[in-house]
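Me: I am in my first year and still learning to read protein structures. Could you take me slowly through a single part of this one, and then place that part beside its surroundings?

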Amino acid sequence: MSKTLFDKIWEKHVITGEIGEAQLIYVDLHLVHEVTSPQPFDGLRSTNRRVRRPDLTFATMDHNVPTKDIFNVQDQMSRLQMDTLVKNSKEFDIPLASIGDDKQGIVHVVGPERGLTQPAKVIVCGDSHTATHGAFGAIAFGIGTSEVEHVLATQTIWQVKPKTMGIKVTGELPKNTYAKDIIMGIIAKYGVSFGVGYAIEFYGETIEKLSMEARMTMCNMSIEAGSKTGMVQPDQTTFDYIEGREQAPKDFEAAKKYWSQFYTDNESDFDETLTFDVSNLKPMVTWGTNPGMATPVDQSLPEIKDDNDANAYEYIGLHPNMKPVDINLDYIFIGSCTNSRYEDLEIAANMMKGHHLAPNVTAWVVPGSRAIRNRAIKTGIAKIFEDAGCEWREPGCSACLAMNPDKIPAGKHVASTSNRNFIGRQGAGSRTHLASPAMVAAAGIAGHFVDITTDEFV
Amino acid sequence: MEAFVRETGRAVVIPNDNINTDIILPKQFLKNILKTGFGKDLFFDWRYNADGSLNEAFELNKPAHQGASILITGNDFGSGSSREHAVWALTDYGFRAVIGGGFSDIFYMNSTKNGLLPIVLPEENRKILRDVQADENIQIDLPEQTVTYKNYTFHFDINSQWKEKFINGEDDIDNTMKYEKLIAAFEKQRPNFG
């Protein structure tokens with residue numbers, strides 16, 4: 001019988017239960033961070049339970065981590081959460097990459113980087129951006145705290161199989177547009193909840209040509225379309241990325257052979273299909289307070305259709321008919337599990353090379369992991385950022401969610417490579433404009449957004 | 001978890017669409033290592049003014065709505081971050097059910113773990129429910145899968161397993177432990193490439 005990639009992986013993981021009802025699914029990799037794990041470990045202790053498979057569990061610290069001086073945790077509550085993870089990892093024998101460790105970083109950057117993220121796995125984490133790992137052809141999704149406890153105790157999770165949606169992406173990406181613009185374009189076109197109840201697979205000629213980093217950016221923001229799972233079929237690009245990494249399978253040929261059976265047989269196997277052509281794609285910028293409120297950089301901001309729009313405009317301090325070039329920026333943020341990988345930093349650095357930030361713009365560049373940070377220092381990318389006037393930081397979630405000292409002040413506009421422009425997300429009263437790393441870097445130089453597809457830039 | 005069978009209670013209407021978990025419980029409250037005490041911070045940025053005083057215009061703060069146990073809201077409730085703390089804030093405040101046009105998948109699952117009943121009703125039904133006055137009750141009957149207000153009774157759908165879990169107040173882990181033999185057998189045949 002003809003099946004989707006999602007269906008094939010799902011079937012391999014069902015322990016019990018029928019389709020349509022909740023099924024018990026085995027979890028191959030459980031990623032843990034400091035914010036959504038204290039209560040689950042406490043639950044295990046109070047019920048005298050152990051972690052069933054510490055060997056399939058990996059913990060790191062990211063949300064609370066100060067990125068300016070990583071060991072100087074001033075916030076007592078942050079300190080408590082981080083200390084609690086150290087204590088729990090020790091007590092339950094879970095490998096932990098703590099602050100300062102070579103393997104520490106944003107959990108969704110570190111999993112792939114270590115080679116833990118592999119095709120055909122079921123991967124969960126108490127964080128909605130777990131969808132990132134689907135770029136490898138894995139079923140990866142965020143779970144709540146009770147589910148974290150359940151996975152720790154049983155290495156399984158109860159789930160009702162979602163429907164599947166194929167998003168076919170076609171056309172050649174115009175110069176200086178990126179995966180970030182594709183996913184933002186899709187969400188701008190179809191809305192922030194079209195993916196609810198679906199597992200999304202991105203496919204088509206455009207996706208096949210994307211790097212693993214770019215595929216991760218796409219899958220990462222599936223959740224911003226309402227889908228907790230985004231995925232891409234594993235191929236040679238996937239295998240080449242994994243080969244040689246610390247946790248890559250030792251019998252790599254056998255693994256590759258196994259992984260190669262996971263693909264969607266026919267487009268008609270999807271419950272739903274959408275198409276998106278990128279031939280005329282422009283860089284995208286958000287103007288409002290959810291990721292669907294986005295516009296191509298050369299277009300005017302839309303008219304007010306309803307209360308949601310009116311409230312968003314009021315919060316963000318803009319009005320219809322302005323253009324993204326009219327948004328004066330106070331901050332730029334390059335980082336987050338969406339866009340903090342080496343490739344993202346390289347693209348941003350190329351845009352900044354030989355230039356300096358506009359006056360009054362503060363820039364934070366936050367690599368996704370210690371390994372990325374070290375590599376960028378070695379290759380000179382870090383120096384390009386510093387010469388441009390940016391603050392070059394330690395790895396962590398930073399201003400993406402501002403649970404740490406990196407907060408955008410009230411009323412300030414920030415061009416951000418992160419994933420959510422929600423009210424207050426980057427600091428109380430902060431005004432977020434999401435865009436690609438290249439767009440954010442160029443905006444930092446100009447002091448406002450610019451169309452980087454014009455002759456001046458390409 | 002606390003069982004949910006029937007609930008008769010006051011309702012409060014916050015009709016906005018796309019209320020994400022950052023709005024329900026902002027991230028500064030995720031630093032607690034306990035599951036309790038989040039109710040006072042529910043809808044923090046809407047509920048309190050910048051100086052920390054109560055925003056008296058916000059529905060939840062109106063004296064007539066104190067003690068409400070049913071929240072009536074818009075489409076796409078609970079989107080964004082997976083934080084279960086959002087559900088804990090709603091239950092700690094005293095909500096037992098949320099009636100909306102749709103819920104994010106992760107929020108929905110989190111609700112089923114905490115006895116907070118998420119009810120999906122179409123706009124035509126919610127339009128009627130939005131007229132509920134502060135001194136009027138709404139009845140929810142989970143075994144019958146109905147919401148009743150005045151002379152109106154609306155039917156809602158729910159997966160039969162989640163329904164049973166709500167009614168019995170089951171602990172998931174105990175339930176899963178019953179399948180220990182199957183889990184162990186599954187583990188033996190998992191592919192392993194070293």
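Reply: What follows looks closely at one sheet of chain A, and afterwards turns to other parts of the structure.

Please keep in mind throughout that this is a predicted model. The sheet is an open one, built from five strands of chain A in the order E17-E16-E15-E18-E19, and its pairing is parallel. At its edges stand strand E17 (391-392) and strand E19 (431-434), each of which pairs on one side only.

It helps to walk across the sheet from one edge to the other. Beginning at E17(A), we find that this strand pairs with strand E16 (residues 362-365) of chain A in the parallel sense, over two bridges, and that Trp364(A) stands opposite Glu391(A), which belongs to E17(A). The next step leads from E16(A) to E15(A), where four bridges join the parallel strands and where Ile334(A) has Val365(A) of E16(A) opposite to it. From E15(A) we pass to E18(A), a parallel pairing that is made over three bridges, with Phe333(A) opposite Ser416(A) in E18(A). The walk ends with the step from E18(A) to E19(A), which again is parallel and has four bridges, and here Ala415(A) stands opposite His433(A) in E19(A).

Now consider where the side chains go. In a regular strand, side chains alternate between the two faces of the sheet. In E15(A), Tyr331(A) and Phe333(A) point one way while Ile332(A) and Ile334(A) point the other way, and all of them are buried. E18(A) is likewise covered on both faces, with His413(A) and Ala415(A) buried on one side and Val414(A) and Ser416(A) buried on the other.

A helix also belongs in this picture, namely helix H15 (residues 437-446) of chain A, which lies across strand E15 (331-334) and strand E18 (413-416) and runs at about 150 degrees to E15(A).

One residue ties another helix to the edge strand where our walk began. Ala376(A) has its place in helix H13 (residues 370-379) of chain A. Is Ala376(A) buried or exposed? Its relative accessible area is 0%, and because a residue counts as buried when this value is under 20%, Ala376(A) is buried. Setting aside neighbours within four places in sequence, the residues in contact with Ala376(A) are Tyr342(A), Ile381(A), Ala382(A) and Trp392(A), and the last of these, Trp392(A), falls within the range of E17, 391-392. Between the C-alpha atoms of Ala376(A) and Met439(A), which are 63 residues apart along the chain, the separation is 20 Å.

Chain A has another open sheet of five strands, arranged in the order E5-E4-E3-E6-E7 with parallel pairing. Its edge strands are strand E5 (96-97) and strand E7 (139-142), each pairing on one side only. At the E5(A) edge, strand E4 (residues 57-60) of chain A pairs with E5(A) in the parallel sense over two bridges, and Ala59(A) stands opposite Leu96(A) in E5(A).

A further helix of chain A shows what it is to be enclosed. All nine of the nine residues of helix H8 (residues 212-220) are buried, so this helix is largely enclosed by the rest of the structure. Among these buried residues are Met212(A), Glu213(A), Arg215(A) and Asn220(A).

Finally, there are the spaces. The largest pocket has a volume of about 920 Å³, and of the 44 residues that line it, those closest to its centre are Tyr315(A), Ile423(A), Ile23(B), Asp45(B) and Trp46(B). Helix H11 (307-316) of chain A, together with helix H1 (21-24) and helix H2 (44-47) of chain B, are the elements that give two or more residues to this lining, and the largest share, five residues, comes from H11(A). Sorted by class, the lining of the largest pocket has 18 nonpolar, 16 polar and ten charged residues.

The largest cavity, by contrast, holds about 220 Å³ of space. It is lined by 23 residues, of which His63(A), Asp127(A), His129(A), Leu401(A) and Arg425(A) lie nearest its centre, and the lining divides into eight nonpolar, ten polar and five charged residues.

Conventions
Residues are numbered from 1 along each chain as its sequence is written. Chains are lettered from A and ligands numbered from 1 in the order in which they are written. This is a predicted model: local features need pLDDT of at least 70, side-chain atom pairs count only at pLDDT 80 or more; totals for chains, interfaces and linings use all residues. Side-chain values use heavy atoms; hydrogens and water are left out. Buried means under 20% relative accessible area, exposed over 50%, partly exposed in between (1.4 Å probe, protein chains only). Two strands pair if DSSP finds at least two bridges between them. Contact means heavy atoms within 4.5 Å. Axes are lines fitted to C-alpha atoms, for helices over the stretch in contact, and angles run from 0 to 180 degrees between N-to-C directions. On a 1 Å grid over the protein atoms alone, a cavity is a set of points where a 1.4 Å probe fits but cannot get out, and a pocket is an open set with protein on both sides within 12 Å along at least five of seven lines; lining residues have an atom within 4 Å of a point. Grid points are joined across faces, edges and corners, and a volume is the space filled by probe spheres set on the points. Ala, Val, Leu, Ile, Met, Phe, Trp, Tyr, Cys and Pro count as nonpolar, Asp, Glu, Lys and Arg as charged, and the others, Gly among them, as polar.
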